Amino acid sequence: LTHKSGQVFDVNRRCVLAARSVGLGHSGLATFCGLMNIPPPVSDNAYRKHSHALHSASSLIAEKSTKTAAKELRELNRQQGQDELTAAVTYDGTWMKRGFSSMFGAFICISYDTGRVLDYT
C-alpha cells in the first residue's frame, strides 16, 4: 500500500480516484476518513494535484479509445461494402441541473453497430 511511483504514493492516488469516482471532494473524503477512524487524506493542494493528474491520464485514454472506435467502425463499414463515413449512432446527454438552464453538460455519441463511444463532450 505504500509503494512509491516517482514521488507519489500509490495509495494516495487511488484514494483520490475512489473519492472522485463516487462524487466526493477533499472535504467529503476527509469526513469519510474521520468516520472510518483512518488517517486523514492528503492535503487539499495534493488532492488537486492528484485530481489533475488523473484527469490528464483519463483524457488521454478517452482520446485513444474514441480514435480506435472510429477506426474499427470504418473497417467494419469497409468489410460490409458500405461508405466508411456512414454510421448509425445514438447521441445522449445530461445537464448539471434540470431543464436547460445549466451551463454544464455531458454528451456522448455511441456507434449503433459497435456499441463503442465515438465522441464525447
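**Entry 1: the start of helix α3**

I began with Asp44, which is partly exposed at a relative accessible area of 35%, and I keep in mind throughout that what I am reading is a predicted model. Looking next at what the side chain of Asp44 does, I found that it meets the side chain of Arg48 in a salt bridge, with 2.7 Å from N to O. Both Asp44 and Arg48 belong to helix α3, which covers residues 44–79, and the four residues that separate them amount to about one turn of the helix. Arg48 also counts as partly exposed, in its case at 48% relative accessibility.

**Entry 2: further salt bridges**

How many salt bridges are there by this rule? I noted that the count comes to six, and I then went through some of them.

Lys67 and Glu63 are joined by a salt bridge between their side chains, at 3.3 Å from N to O. I located both Lys67 and Glu63 in helix α3, four residues apart, or about one turn of the helix. For Glu63 I wrote down a relative accessible area of 40%, so this residue is classed as partly exposed, lying between the limits of 20% and 50%.

A further salt bridge brings together the side chains of Arg116 and Glu72, with an N to O distance of 2.6 Å. This pair links distant parts of the chain, since Arg116 sits in the loop between β4 and β5 while Glu72 is in helix α3, 44 residues apart. Arg116 counts as partly exposed at 25% relative accessibility, and Glu72 counts as partly exposed at 37%. I also recorded one network, in which salt bridges with shared partners join Glu75, Arg78 and Glu84.

**Entry 3: the strands**

I turned to the strands, beginning with β3 (residues 89–95) and β4 (residues 105–111), which pair in the antiparallel sense over seven bridges. Following one position across, I found Thr90 of the chain standing opposite Ile110 in β4. On the β5 side, Ile110 has Val117 as its bridge partner. Strand β5 itself takes in residues 117–120, runs antiparallel to β4 and is joined to it by three bridges.

What do β4 and β5 form, and how many residues are between them? I noted that they form a hairpin with five residues between them, and that Gly115 in the turn has a positive phi of about 75 degrees.

**Entry 4: a positive phi outside glycine**

Most residues other than glycine have a negative phi, which made me look up Asn37. Its phi is near 60 degrees, and Asn37 is therefore a residue other than glycine with a positive value. I placed Asn37 in the loop between α2 (26–35) and α3. Is Asn37 buried or exposed? With a relative accessible area of 70%, Asn37 is exposed.

**Entry 5: aromatic rings**

A pair of aromatic rings is described by the distance of the centres and the angle of the planes, and these are the two values I wrote down for each pair. A search of the whole structure gives two aromatic pairs. The rings of Tyr91 and Phe107 have centres 6.3 Å apart and planes at 5 degrees, so I entered this pair as stacked. Tyr91 in strand β3 and Phe107 in strand β4 are 16 residues apart, and the pair thus links distant parts of the chain. Tyr91 is exposed, with a relative accessible area of 53%.

For Trp95 and Phe107 I noted ring centres 5.3 Å apart and planes at 80 degrees, so this pair is edge-to-face. Here too distant parts of the chain are linked, with Trp95 in strand β3 and Phe107 in strand β4, twelve residues apart. Trp95 is partly exposed, with a relative accessible area of 33%. Taken together, Tyr91, Trp95 and Phe107 form one aromatic cluster.

**Entry 6: helix packing**

Last, I looked at how α1 (residues 10–21) packs on α3, and found an angle of about 75 degrees, with the axes 9 Å apart. Because angles of 65 to 115 degrees count as roughly perpendicular, I describe α1 and α3 in that way. Which residues make the contact? From α1 I listed Asn12, Arg13, Val16, Leu17, Ala19 and Arg20, and from α3 I listed Tyr47, His50, Ser51, Ala53 and Leu54.

Conventions. Residues numbered from 1 in each chain as written. Heavy atoms only, no water. Pairing = 2+ DSSP bridges. Helix = DSSP H or I, 4+ residues; strand = E, 2+ residues; numbered from the N terminus. Salt bridge = Lys/Arg side-chain N within 4 Å of Asp/Glu carboxyl O. Buried < 20%, exposed > 50% of the residue type's maximum accessible area, 1.4 Å probe, protein only. Phe/Tyr/Trp six-rings, centres within 6.5 Å; stacked < 30°, edge-to-face > 60°. Axes fitted to C-alpha atoms, helices over the stretch in contact; angles between N-to-C directions. Parallel < 35°, antiparallel > 145°, perpendicular 65-115°, else oblique. Contact = heavy atoms within 4.5 Å.
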